[in-house]
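The following exercises concern strand pairing and helix packing. Please study the sequence and the structure before attempting them.

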Amino acid sequence: MVKTLYTRLAVGLFLLLLAVGLLYTFISLYSLRAYTASVNHELHRDLAKNLVADRNLVSEGQLDRSALKELFALYMTINPSIEIYLLDLDGTILSYSADPAKIKRKQVSLGPIQRLIDDMSRYPVLGDDPRSHDRQKVFSVTPVPSADNPEGYLYVVLRGEEYDAAETMARGGQLLELSAWGLLVSLAVVMLAGLAVFRLLTRRLTLLTRLVEDFENSDMSRQPVSTWRDRHPVVRDEIDYLGARFDDMASRIASQIEQLTEKDVQRRRLVAQVSHDLRTPLASMQGYIESLKLRRDRLSPDEQDRFLDIALKEGQRLSRLVDELFELAALEAREQQPLLEPFPLAELVHDVVQKHGPKAQNRQIELVVKGDPDQPLAYADLAMTERVLDNLIGNAIAYSPAGGRIEVAISQADGLPEVCVRDSGPGIPEQDLPHIFDPFYRGESFGGAGGHAGLGLAIARRIMTLQGGDIRVENAASGGACFCIRLPVRYSK
């Protein structure tokens, strides 16, 4: 619980409020003292002058010492919060109304006195406190016996010893208690309000955390039942954005896991198919060679030649299958990359058709090329494209009956060169069409052509994908299958 974001925010808010409260208390006390000093100075800045006038301290141009002593005694009784000092022109203390045992200075600085006399509107001006070597207090001052003929100064400290004692008692008593209660109540109210706000802010984060935990505890192969967008369809801030991105991430993870599961199934099926297709020619070849070895003296030369021909044919079939496996693996791992270059596709088609002409003639199959040879230059790998055409035309010859016709049509689709190979064979069952390019896929129509579907079409599709082209298959309306490849072109910049 302590590690939750809400708890950490609450602790952080408490410490912040505590620091703010202490800082506010310090500033308030300091400001209160400054404010009190300013008020006292404003109210009593002419006190010294009024005392001289009201108490008749000056008689016939001279300071009346006896009247001054009566003034000291009177104010020590009726107003102990102020202290009155008589100074000479150098600031030396001549007499005072305070307790003699507590006087620490014999002289006060004349600088503050002179500043206040020059401008009585300046306040507060702090002067030396005779009861301390380093403390300063607000004061009132006037030259005596007069400003025209000064012999000294009447220096009145407005916050004397009695005032300080009373202030200390008040600050340590009721004022301090009220301030503490006010501070505690303020902190409590702000703390509760802050916790409520934090709860509102972290509620959606808690919901997002639950969604992440639920998805983590699931098998991750399906979309989460409850998504962030279901509850918050509108993105308002960073939390909504994070929730929406989590939905997208969960969707991608589920899709990738599904693809990985499907790939694993395909891999297992591929291993089984590879094992079967490798074992069949290998077993056949091994059987004929063993028969030849064991029965050589009982077999005629013609039978021996037939056994060797069959073994050789199965060995060639096995070699071709292994080569296709390595080729497909290299293409899947992108170890074999296409070398793209512009070339005329029509010339390549004629070369490949001419190469397969003798084989078609042996099977009494008509192999023709039609279409407009004037097509845009294809931008692809010449050798890879030839490999695809070899496979398509070779398959067409293998599945076409004797006396059939194979048509290789050159055309243009959406500005791209295209080649279609149409045979006159039985066509491809509709249920096999979606899987025709899968490695080792076995359909009903593949049984008579070598015993397996092979890897040629899977290799062809991978080559076309790497080149940025396309390959598709459909059943022709007139019968037979039609394989089409479309190659990209290079646009001038």
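**Exercise 1.** How many residues lie between E6 and E7 in the hairpin that they form?

*Solution.* The structure under study is a predicted model. Strand E6 covers residues 136-145, and strand E7 covers residues 150-157. The hairpin formed by E6 and E7 has four residues between the two strands. E6 and E7 run antiparallel and are joined by seven bridges. One of the pairings sets Phe-139 opposite its bridge partner in E7, Val-157.

**Exercise 2.** Identify the bridges between E3 and E7, and explain why E7 is described as largely enclosed.

*Solution.* Strand E3, residues 83-88, is antiparallel to E7, and six bridges join these strands. Asp-88 has Gly-152 of E7 as its bridge partner. Next, consider burial, for which a residue must have under 20% relative accessible area. Six of the eight residues of E7 are buried, so this strand is largely enclosed by the rest of the structure.

**Exercise 3.** Describe how helices H10 and H11 pack against each other.

*Solution.* Two packed helices are described by the angle between their axes and the distance between the axes. For H10 (residues 345-362) and H11 (residues 382-399), the angle is about 40° and the axes are 10 Å apart. H10 is therefore oblique to H11. The crossing of these helices is right-handed. Residues in the contact include Leu-348, Val-352 and His-356 of H10, together with Leu-389, Asp-390 and Ile-393 of H11. Sorted by class, the contact of H10 with H11 has ten nonpolar, three polar and four charged residues.

Conventions:
Residues are numbered from 1 along each chain as its sequence is written. This is a predicted model: local features need pLDDT of at least 70, side-chain atom pairs count only at pLDDT 80 or more; totals for chains, interfaces and linings use all residues. Side-chain values use heavy atoms; hydrogens and water are left out. Buried means under 20% relative accessible area, exposed over 50%, partly exposed in between (1.4 Å probe, protein chains only). Two strands pair if DSSP finds at least two bridges between them. Axes are lines fitted to C-alpha atoms, for helices over the stretch in contact, and angles run from 0 to 180 degrees between N-to-C directions. Angles under 35 degrees count as roughly parallel, over 145 as roughly antiparallel, 65 to 115 as roughly perpendicular and the rest as oblique. A crossing is left-handed if the near helix is turned anticlockwise from the far one by less than a right angle, and right-handed if clockwise. Contact means heavy atoms within 4.5 Å. Ala, Val, Leu, Ile, Met, Phe, Trp, Tyr, Cys and Pro count as nonpolar, Asp, Glu, Lys and Arg as charged, and the others, Gly among them, as polar.
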